[in-house]
Structure formats: C-alpha cells, structure tokens
Amino acid sequence: MYRTFLWSVCLTLISYAAGCGAGNDGPTLYPVKGSVKKGPAPLKAVSVMLVPVDAKKGITVTTISADDGSFEFATPQGKKGVPVGSYKVVLSVPPTMDYSNTSKSRPKEDTSIPKEFTSADTSPKTFDVKAGADNVLTLELW
C-alpha cells in the first residue's frame, strides 16, 4: 500500500509537469476543498486522490488532509483547483513503522480507511468537479 501511495504521488507530479510546460497554461482549474472524518473524528495525513473516471480525459490529482481533516487541491506550482470532470475518490494513509522488533522494521497497516476506498476500481465514491460551483467534497467514513 505504501508503494501505491508513492507511485500515485509521483504520477500526479509527472502529470502536472507534463501539462504545465512553458507557454502552456494547462486546463482551467476550479477550487475543490473538503474534509475527511471517521465518525466524528477528523482524519489527518490522509492522501485524497481524485482519479478521472475516464482515464483518457483528465489527470489524477492528490492532496493530504490537515490535522483537522480539511484539504484543498493545488498544483505543485501553487495554482489551486482541479479540472472539470468526473472523478473516483481514492484514499490512503502511509503505513507507520513498527520499531518494537529491532531486528526488522515493517510497515503497520493503517485500518482507518475502509479497504474499498483504497483503489479507483473499488471506490464507492465519485465526485464531479463543475465550473462555477462550490466544489466541496465531504467524506464521512464509518
């Protein structure tokens, strides 16, 4: 799961770099913000990815939730927003390291995210980014 997280971040950065060359303003971006909670508690340090439903139309965008569970999407260049489109919502949390066994350290799996949210193929949540709309993505996991 940690490798998946790293690959998704790398692919997002590459996608933005490819689409943001000199003389190319890229697609029009619209602000998208939101929050992620499990029950009443905010989830911090969660990777929130929007993966285009149609992979041929759009780019995957990623952000990380703050301590209060809030997040906002922005490009690596600091431009806030996401292109218009329909997206699958994918969540992940980098595993924590277990140092209790000094001979080997291995990642502990974080169980705060329901398994179905960890892949675009299985995620039950979609989100449509619309021009001129308040694009607020509220994720309440139980």
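**A walk through a strand-rich chain**

Let us begin with two neighbours along the chain: strands E2 and E3 pair in the antiparallel sense, and two bridges connect them. If you look for a matching pair of residues here, you will find Lys37 opposite Pro42 in E3. The hairpin made by E2 and E3 has two residues between the strands, and in this hairpin Gly39 takes a positive phi near 65 degrees. Keep in mind as you explore that the model is predicted.

Strand E2 has other partners too. It covers residues 32–38 and runs parallel to strand E12 (residues 135–141), with seven bridges joining the two. E2 is also joined to strand E6 (residues 70–72), this time by three bridges and in the antiparallel sense. Try finding Gly34 in the structure: it stands opposite Leu137 in E12, and it also stands opposite Phe71 in E6.

Now step back to the whole chain. How many helices and strands does the secondary structure of the chain come to? The count is one helix and 12 strands. Reading from the N terminus, the α element comes at the start and the β elements follow it. Of the contacts in the chain with a separation of 6 or more, 67% are between residues 24 or more positions apart. The chain has 142 residues, and 32% of them count as buried. Its accessible surface comes to about 8,800 Å², with 55% of that belonging to carbon and sulfur atoms.

Next, follow the loop that leads from strand E3 (41–42) to strand E4 (47–52), where you will meet Ala45. Ala45 is not a glycine, yet it has a positive phi of about 60 degrees. Its relative accessible area is 41%, so Ala45 is partly exposed.

Strand E4 brings us to an open sheet. Four strands form it, in the order E5-E4-E8-E11, and their pairing is antiparallel. At the edges are strand E5 (61–64) and strand E11 (126–129), each of which pairs on one side only. From one strand to the next, the twist averages 30 degrees. To see one of the pairings in detail, look at strand E8 (residues 85–92), which is joined to E11 by four bridges. Lys88 has Thr126 in E11 as its bridge partner.

Let us pause at the edge strand E5, which is the place of Thr63. Is Thr63 buried or exposed? Residues under 20% relative accessible area count as buried, and Thr63 has 11%, so it counts as buried. Who surrounds it? Leaving aside residues up to four places away in sequence, Thr63 touches Val46, Ser47, Val48, Phe71, Glu72 and Phe73. With Glu72 there is a polar meeting as well: a polar atom of the Thr63 side chain lies 3.0 Å from the backbone oxygen of Glu72.

Glu72 is also our way to the last stop. Which residue forms a salt bridge with Glu72? The partner is Lys80, and the closest N and O atoms of the pair are 3.7 Å apart. The count for the model comes to one salt bridge. How open are its two ends? Lys80 has a relative accessible area of 53%, so it is exposed. Glu72 has a relative accessible area of 34%, so it is partly exposed.

Key: Residues are numbered from 1 along each chain as its sequence is written. This is a predicted model: local features need pLDDT of at least 70, side-chain atom pairs count only at pLDDT 80 or more; totals for chains, interfaces and linings use all residues. Side-chain values use heavy atoms; hydrogens and water are left out. Two strands pair if DSSP finds at least two bridges between them. Axes are lines fitted to C-alpha atoms, for helices over the stretch in contact, and angles run from 0 to 180 degrees between N-to-C directions. Buried means under 20% relative accessible area, exposed over 50%, partly exposed in between (1.4 Å probe, protein chains only). A polar contact is a pair of N or O atoms within 3.5 Å; within protein, one must be able to donate a hydrogen and the other to accept it, and residues adjacent in sequence count only if both atoms are side-chain atoms. Contact means heavy atoms within 4.5 Å. A salt bridge is a side-chain nitrogen of Lys or Arg within 4 Å of a carboxyl oxygen of Asp or Glu. Accessible areas come from the Shrake-Rupley method with a 1.4 Å probe; for residues, only the protein chains shown count as cover.
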